[in-house]
Amino acid sequence: MDILMGDKYRSRMMRGLDVVDKIEDDLSKSERTRGDVLATAARLFRHDGFYATTMRDIAHGSGIEAGSIYYHFQSKDQILSEVLELGVRQLYEKVCEIVRATKQRPEEFRKTFALLIETHLTYLLTDSDFTSANIRNYPMLSDEARAPHRELRASYAGVWNSFLQDAKDYGILRNDISVTAIRQFILSAMNWTVEWYKVDQYPVHILAERMSKLILDGMCPSHRADVDGQKAGDVAASVEEQDTIGKAAKTRAEILRAAARVLRDKGYKATTLRQIADEADMKAGSVYYHFKSKDAIVDEVLNAGLSDLLSGVTAAVQEFHAPIDHHARIATAIWTHLHFLFKASEFTSANIRSYGMLPNHLRKRHKGIRHEYGHLWDRVLREAQEADAIRPDIKIVPLRQVMLGALNWTVEWFDPNKEGSSGYLSLSEFSGMLITLLLEGICDRENVARA
């Protein structure tokens with residue numbers, strides 16, 4: 001009897017263990033599926049944008065039925081929230097680890113700085129769709145969607161601030177620009193790389209090395225950059241108010257401006273003709289009287305933005321004649337770029353913010369003018385280098401890419417509407433700060449010269 005009871009007990013126990021194993025397997029499978037959904041969503045958010053990605057897209061990419069995704073997540077907003085959290089959390093923890101392991105000595109600063117740059121770029125460009133999805137989507141989200149993530153993003157910024165403040169206290173960093181502005185400049189230069197970096201061009205560590213040196217030491221070789229020549233604002237003022245629409249009818253022009261605003265805030269895929277019509281305060285059907293399709297509108301917006309920028313900077317550069325003050329010419333071109341980005345053209349900022357998520361057929365149509373703008377900058381920078389106004393160890397194309405990246409990302413953190421408010425820089429002052437950082441770097445050249 002005892003033996004029989006023992007067998008029954010053991011049999012029940014074994015059945016119980018089987019149930020436990022099954023529960024654990026189910027949990028493990030569920031966790032794996034959940035992870036697959038998040039990874040798929042991060043990839044789609046990174047390339048297509050949050051607004052344009054549907055739950056069906058995420059489910060299909062994860063290899064599950066559309067309805068099954070709701071077993072794991074209540075909504076696309078919940079998925080987004082977790083993707084955003086992971087995107088910064090992974091990077092934040094790694095950067096904290098590096099900073100904690102750093103001995104606070106001046107001689108360690110450059111080495112640690114280079115490692116922080118490489119770590120941020122590695123997560124952003126190759127290792128984590130989550131980080132890229134965060135960087136590309138966060139600026140276009142509502143305040144409500146951003147709110148839960150502000151604390152973590154502030155913590156990440158705080159780690160950089162602390163690291164940079166220590167360097168400033170040691171006399172390594174320049175004193176004429178705040179640590180906060182220096183940190184924003186650094187992160188801007190890095191974050192824009194998602195729009196242009198191609199892994200087959202050169203490895204991330206080479207990009208990080210070049211970027212680190214440029215940010216630390218600037219592009220000019222002299223003790224102080226000479227920008228006392230022609231004032232940037234004087235030249236840019238002559239191209240400030242260009243006719244960006246030409247002879248187009250008033251209604252057509254307003255549709256284009258409305259489209260620029262929607263495109264800037266929502267991205268290409270999430271922009272609809274109805275939204276454009278609503279923004280223009282007209283009926284959706286009326287839009288078709290002026291444009292055949294959304295792509296026709298976007299085409300004109302993109303072309304206007306690039307044309308404005310190209311013609312404006314070209315005119316500014318052409319104001320300089322031999323003998324050319326190269327630092328002043330570069331400063332003027334930078335000032336003009338920012339002027340069109342923030343004031344002279346709604347189309348330029350729409351182009352800058354939406355380009356990364358445009359379909360290939362639209363990108364190709366504007367490739368020529370983008371290359372023309374890049375070549376303009378390459379010529380200006382190369383001529384400066386040939387005149388010994390730019391260090392000979394700097395490669396021109398990566399310099400241009402990093403420099404324009406730092407300028408373009410300012411649309412995400414500089415608010416020209418606050419100009420004149422207490423504690424806020426004017427656009428002119430802001431431009432001057434960026435010119436100084438790009439030409440001279442973040443390090444204190446006085447101390448470098450004395451060392």
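**Cavities, cores and a buried helix**

Colleague: By class, the lining of the largest cavity has 6 nonpolar, 1 polar and 4 charged residues; what makes one of them polar, and which residues form this lining?

Modeller: In this predicted model, the lining consists of I135, R136, P139, M140, W192, E195, R353, G356, M357, W409 and E412. Glycine is counted with the polar class, so G356 is the polar member, while R136, E195, R353 and E412 are charged because Arg and Glu belong to that class.

Colleague: Why is this space called a cavity, and what is its volume?

Modeller: A cavity is a set of points where a 1.4 Å probe fits but cannot get out, and the space is therefore given that name; its volume is about 110 Å³, and the structure holds 3 cavities of 30 Å³ or more.

Colleague: What makes the second largest pocket a pocket, and which residues lie nearest its centre?

Modeller: A pocket is an open set of points with protein on both sides within 12 Å along at least five of seven lines, so the name follows from that test. About 1200 Å³ of space lies in this pocket, and among its 37 lining residues E195, W196, K198, Y355 and R370 lie nearest the centre. By class, its lining has 13 nonpolar, 15 polar and 9 charged residues.

Colleague: How do you know that helix α5 (residues 129-137) is largely enclosed by the rest of the structure?

Modeller: Buried means under 20% relative accessible area, and 8 of the 9 residues of α5 fall in that class, so the helix is largely enclosed. The buried residues are F130, T131, S132, A133, N134, I135, R136 and N137.

Colleague: What makes S128 a cap at the N-terminal end of α5?

Modeller: A side-chain oxygen of S128 lies 3.2 Å from the backbone nitrogen of F130, and because a polar contact requires N or O atoms within 3.5 Å, this pair qualifies.

Colleague: Why is S431 called buried, and what does its side chain reach?

Modeller: The relative accessible area of S431 is 0%, under the 20% limit, so S431 is buried. S431 lies in helix α20 (residues 427-440), where its side chain reaches the backbone oxygen of L427 at 2.8 Å; leaving aside neighbours within four places in sequence, S431 is in contact with W335 and L338.

Colleague: Which residues have the most contacts inside the largest nonpolar core?

Modeller: This core has 93 residues, and those with the most contacts inside it are F113, I117, W160, I186, M219 and I442. Its largest share, 10 residues, comes from helix α15 (residues 326-344), and a second, separate core of 23 residues includes L273, V298, L302 and L358.

Notes:
Residues are numbered from 1 along each chain as its sequence is written. This is a predicted model: local features need pLDDT of at least 70, side-chain atom pairs count only at pLDDT 80 or more; totals for chains, interfaces and linings use all residues. Side-chain values use heavy atoms; hydrogens and water are left out. On a 1 Å grid over the protein atoms alone, a cavity is a set of points where a 1.4 Å probe fits but cannot get out, and a pocket is an open set with protein on both sides within 12 Å along at least five of seven lines; lining residues have an atom within 4 Å of a point. Grid points are joined across faces, edges and corners, and a volume is the space filled by probe spheres set on the points. A nonpolar core is a set of buried Ala, Val, Leu, Ile, Met, Phe, Trp, Tyr and Cys residues joined through side-chain atoms within 4.5 Å. Buried means under 20% relative accessible area, exposed over 50%, partly exposed in between (1.4 Å probe, protein chains only). Helices (H or I, at least four residues) and strands (E, at least two) are DSSP runs, numbered from the N terminus. A polar contact is a pair of N or O atoms within 3.5 Å; within protein, one must be able to donate a hydrogen and the other to accept it, and residues adjacent in sequence count only if both atoms are side-chain atoms. Contact means heavy atoms within 4.5 Å.
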